Amino acid sequence: MILIFIKRIKEYLARGKVFVGLTSEHHSYPKKALLYYKTGGFLISGKFNYNHTNEWEVFKIVEILNSLGYSVDVVDRGVLNFSPSDNYDMFIGLAAGDSGKFFLKYANLVPNAVKIALCAGPEPS
């Protein structure tokens, strides 16, 4: 019970966070990507976390984008006052349901970026 409580506190503290310039190694990346997703996994463990797939997915998305030459900025889905500059080559973000409520706002603020909407959710029965 205490571990669940601690985990929820860490998740709460992670909301509203923006992580800038995530790279897999000390390389110069020619492109920039903005990822609008859940950031709790970064503060909960700092490594892959299998408590929920989205905590693992954010690490994997950053890793894949790094391998394609992108430095990645990650903004949490709960951030209310983030205003990205238009210097991104790609924008990937949650776009469905309550988690994706700011997708259009951020997409419009980065008009020169290629936009990719993630519409993940439970399998409907």
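Asp-76 has its place in strand β3, and in this predicted model the residue is buried, because its relative accessible area of 1% falls under the 20% limit. The side chain of Asp-76 makes a polar contact with the side chain of Thr-39 at 2.8 Å. Asp-76 can also be placed relative to Leu-35, from which it is 41 residues away along the chain, while the C-alpha atoms of the two are separated by 8.5 Å.

A second aspartate, Asp-73, lies in strand β3 as well. With a relative accessibility of 4%, Asp-73 also counts as buried, and its side chain makes a polar contact with the side chain of Tyr-88 at 2.6 Å. Pro-111, by contrast, is found in the loop between α4 and β5, where it counts as exposed at 51% relative accessibility, since the limit for that class is over 50%. Pro-111 and Asp-89 are 22 residues apart in sequence, and their C-alpha atoms are 9.5 Å apart in space.

The accessibilities of these three residues are listed below.

| Residue | Relative accessible area | Class |
|---|---|---|
| Asp-76 | 1% | buried |
| Asp-73 | 4% | buried |
| Pro-111 | 51% | exposed |

The strand that holds the two aspartates, β3, spans residues 70–76 and is one of the elements that each supply at least two residues to the largest nonpolar core; the others named are β2 (31–37), α3 (53–67), β4 (90–94) and α4 (103–109). That core has 27 residues, and those touching the most other members are Leu-35, Tyr-36, Leu-65, Val-72, Val-75, Phe-91 and Tyr-106. For Tyr-106, when residues up to four places away in sequence are not counted, the residues touched are Tyr-36, Val-75, Val-79, Phe-82, Pro-84 and Phe-91.

Which residues cover the two faces of β4? On one side are Met-90, Ile-92 and Leu-94, on the other Phe-91 and Gly-93, and all of these are buried. Five of the five residues of β4 are therefore buried, so the strand is largely enclosed by the rest of the structure.

The pairing of β4 can be followed in two directions. With β2 it pairs in the parallel sense over four bridges, and within this pairing Gly-93 of β4 is the bridge partner of Tyr-36. With β5, which covers residues 114–118, β4 is joined by five bridges, and these two strands also run parallel; here the bridge partner of Gly-93 is Ala-117 in β5. Gly-93 thus has a bridge partner in Tyr-36 and another in Ala-117. Together with the helix α4, the strands β4 and β5 make a right-handed β-α-β unit.

For the protein chain as a whole, there are four helices and five strands, and along the sequence they follow the pattern α-β-β-α-α-β-β-α-β. Of its 125 residues, 39% count as buried. Among the contacts between residues at least 6 apart in sequence, 69% join residues that are at least 24 apart. The accessible surface of the chain comes to about 7,700 Å², and 60% of this belongs to carbon and sulfur atoms.

Note on methods. Residues are numbered from 1 along each chain as its sequence is written. This is a predicted model: local features need pLDDT of at least 70, side-chain atom pairs count only at pLDDT 80 or more; totals for chains, interfaces and linings use all residues. Side-chain values use heavy atoms; hydrogens and water are left out. A nonpolar core is a set of buried Ala, Val, Leu, Ile, Met, Phe, Trp, Tyr and Cys residues joined through side-chain atoms within 4.5 Å. Buried means under 20% relative accessible area, exposed over 50%, partly exposed in between (1.4 Å probe, protein chains only). Contact means heavy atoms within 4.5 Å. Two strands pair if DSSP finds at least two bridges between them. A crossover is right-handed if, with the strands pointing away from the viewer, the path from the first strand over the helix to the second runs clockwise. Accessible areas come from the Shrake-Rupley method with a 1.4 Å probe; for residues, only the protein chains shown count as cover. A polar contact is a pair of N or O atoms within 3.5 Å; within protein, one must be able to donate a hydrogen and the other to accept it, and residues adjacent in sequence count only if both atoms are side-chain atoms.
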